[in-house]
Structures are given as structure tokens and as C-alpha cells.
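Colleague: Could you take a close look at the second largest pocket for me? Which elements give two or more residues to its lining, and how many nonpolar, polar and charged residues does that lining have?

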Amino acid sequence: MLLGGFSDFLEHAQGYYNITSDMNSDLMLKIAEENQATKELCMEEEVHRLKSLRPLHIWISSALNPVCYSLIPHLFTPGLFSGLPIFSLHLMDTSGSEEMLQALKMETVDLAIPRLHEVTIHSDQMLAFQEAHFIIFLDDQQPAGEYNDEQNDKDQVAEHFHRYGQLIETNAQKDVRVLVAGDFFINMKCSLLIENAPSIDPRNFVAMTTQLEYEARTQLAQKLSVKTSDITNVIVWGNISGSFHIDLQRAKVFRYDGAIRGPDGFSQHVMEMIYDWKWLKTDFRSLLHKHRATISSKTNKATAISTTNAILAILKAWNNAESPEEVFSLGVLSTGQFGIPAGLVFSMPVSFTDGHWSVRSDVIVTDELRVNLDACADELRMERDMAAKTLKNDA
């Protein structure tokens, strides 16, 4: 285009590079036509390929939560989802501005994730969860300076998640999997989603206890001078964001520098290695309740990284062949296991096999544990009844 026609190009090549060609103009035009036809065919095939793609639709609610910024870069890590799917990521937030959502979208696109087909943003609930295969709920963000008392917060949560459940029922895939994470009313949120999406298997809804479990493991690891990863099988029972009980009956510690040492894979029971029972009964629980606030005060940031790691751990176990020996704590719908009232979303021990979770049946409920489970169940029943009353009054 800069040099002119074919003859001008040949003259330029001859003068500067001493290269010439005996190809005539008619033959060159014929080749150009063939190249253009081939290019148009390739473009048509690419359009057809894009139309035939069946991406995995992932929705994140409350996408302006700081956790989302930490989560997105790791969400499409190979091995997290079985196979090598193409992803469509949908970011929804009804509390922030359209500009902030647009900025988050651009940051996500700039990551240039190879298998990310599209990124969409949504501030209108009416189109929420269209074709969703996975939905991750994070905590709604309160506007700066706004204060609501606990009862008003519960009322708002009840209204929002009642509506979200209906939208999942209407818009999402029937095999959708839903993960509820965060710090506030986690069990109640999950319960409301299940109640309002009756055609979807309740086993496809889980409330994430994993972050709380990791925090308990961290405190135990510091006490025993080991790494957090060296502590396993800690069980969290009850109300994830309320009254819960830490159960160490199956907890093990690896690589503990004590009187007894063993080869790789050798473990000992945590309860046998901690001799400070007073610490377990008082300081341990106190440190656990203050952990997130302590981290936030030191870093001036929410505990986004630990939440992200917990979400990724559950997604990996849920979508792949995880070891059935590994114990996780999850808030799931009770069917009467361990004497827990049926119909409550209750944190309990589960294991994953072939992409499905099942409640562990080999956990012993002692008299002391029974008292704690009953107290947690009473609190969850109260939350459920208050949510039902709120929704009834609104109706």
C-alpha cells in the first residue's frame, strides 16, 4: 500500500535487496484472491466455533467485595475444575456503582486468562444467574459510614436471599452448584436459597466453613510450633457465623518435634500433644473469635487471601477426585444426622468422593459435644424462624 502496485513493489525489492521475481501480475492477483478466500473461510469457521462453545458459567455475587479481587486471578487455575472448560464469568453487585463494576471487568480482562471466554457485569437482579453452573456468594458490602443493627441486617439478608433463591430456581442450570461464603448469617443465607429453589438438589448448596477451619488449624499450629498444613481433620460444628464448636477428636499433627518421631506420613493426635487444657478451653476460642479482626487491624485489609484459599479448596474438592480420607467442615442441609434437626443448614464433617460430598458417619458424638450441638441447633432454629417471620410480614 505504501509503495504502490505490484510493479512498484518489484522495483523496490530489486533496488534495495537485489531480489526479483518472474511472477506476472495476473498470477499474483490470482494468488491474492485465493488468500482472501482462505482468510474469509477461516473467519467463518472461527465465528462458528465461538457460537458452538458451551462455556462454564460462573457467577460471583457481591463482586465488589475485596475477596473477589483476590479470587478472580486464581479461579481458573488448571485442576480446579475437571477437564479444560471455557469459562464465562459474570460479576454481580447491586450495592456499588456501575463504574466500579466496569473497572473490575477491565481488570479481569487485562489478566488475559487463556480460557476466559467472556466477562459480564450486572447491577440488576432480574437477570441474575442466567445459565449458571456455579454461583459464589460473598458478603454484601455496606456503604461507608452506614450502620445497621443486627435485626435490620437479618431482615435485609432474609429478603435478598429469598429473592436470590427464586432467581436461581428460574434462571440457573438445574445442576448448578452454589457456595455461600462470608462472615455474616452464612447458614441462614444457604437455608433460604435451598428453600426457594425447590427443583434443585439441596446437596448442591453448601455454606463454607473452611475458612473458620483453617483459622482453627492456624492457632493450633502456632501452639505446637508447626505449619498450618501440618494440622488436619479439625471439625467445625454448628452456626458458622454464630455459635460453633471446634471438635479435635480426629485432628492430627504431622512433623511435630516431640519425644516421638516417625517417617514421612507419621502423625499424632493433636489432643495428645496439647497438654495445656486451660488454653484449649479459654485462650484458643478467644484467639479464634478475634483472628479475622486481628489480621484486618494489622493489614488494614479484609482477610481476603484466607477466604480465597478456602473457596479454592472447596471448589477443587467438589469438582475433582479428592481423597475420601480427608475431612472437611461444610454447612449442609441436615437430614437428621448426629441427632441434628432435619431441615437446618448445619456445619458438620464431610468428605468428597468423585466430585460429591457425603457426611462422615464415623464421628463420635460425646455427651459434651451433644450439648454444644443442641445449643447451635437452637440458635439456628431461632434465625430461621426470624427470617420466616420477616418474609411473612413483607408478604
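Modeller: A strand here is a DSSP run of E with at least two residues, a helix is a run of H or I with at least four, and both are numbered from the N terminus. Please keep in mind that this is a predicted model, and that totals for linings use all residues. With that said, the second largest pocket has a computed volume of about 440 Å³, and 17 residues line it. Two or more lining residues come from each of strand 9 (244-247), helix 9 (277-281), helix 10 (283-299) and helix 12 (367-394). Among these elements, strand 9 gives the largest share of the lining, namely 4 residues. Turning from the elements to single residues, those that lie nearest the centre of the pocket are His245, Ile246, Leu248, Lys281 and Glu368. As for the chemical make-up you asked about, the lining of this pocket divides by class into 9 nonpolar residues, 4 polar residues and 4 charged residues, where Gly is counted among the polar ones.

Methods:
Residues numbered from 1 in each chain as written. Predicted model: local features only at pLDDT ≥ 70, side-chain atom pairs only at ≥ 80, totals over all residues. Heavy atoms only, no water. 1 Å grid on protein atoms, 1.4 Å probe; cavity = no way out; pocket = protein on both sides within 12 Å on 5 of 7 lines; lining within 4 Å. Points joined across faces, edges and corners; volume = space filled by probe spheres on them.
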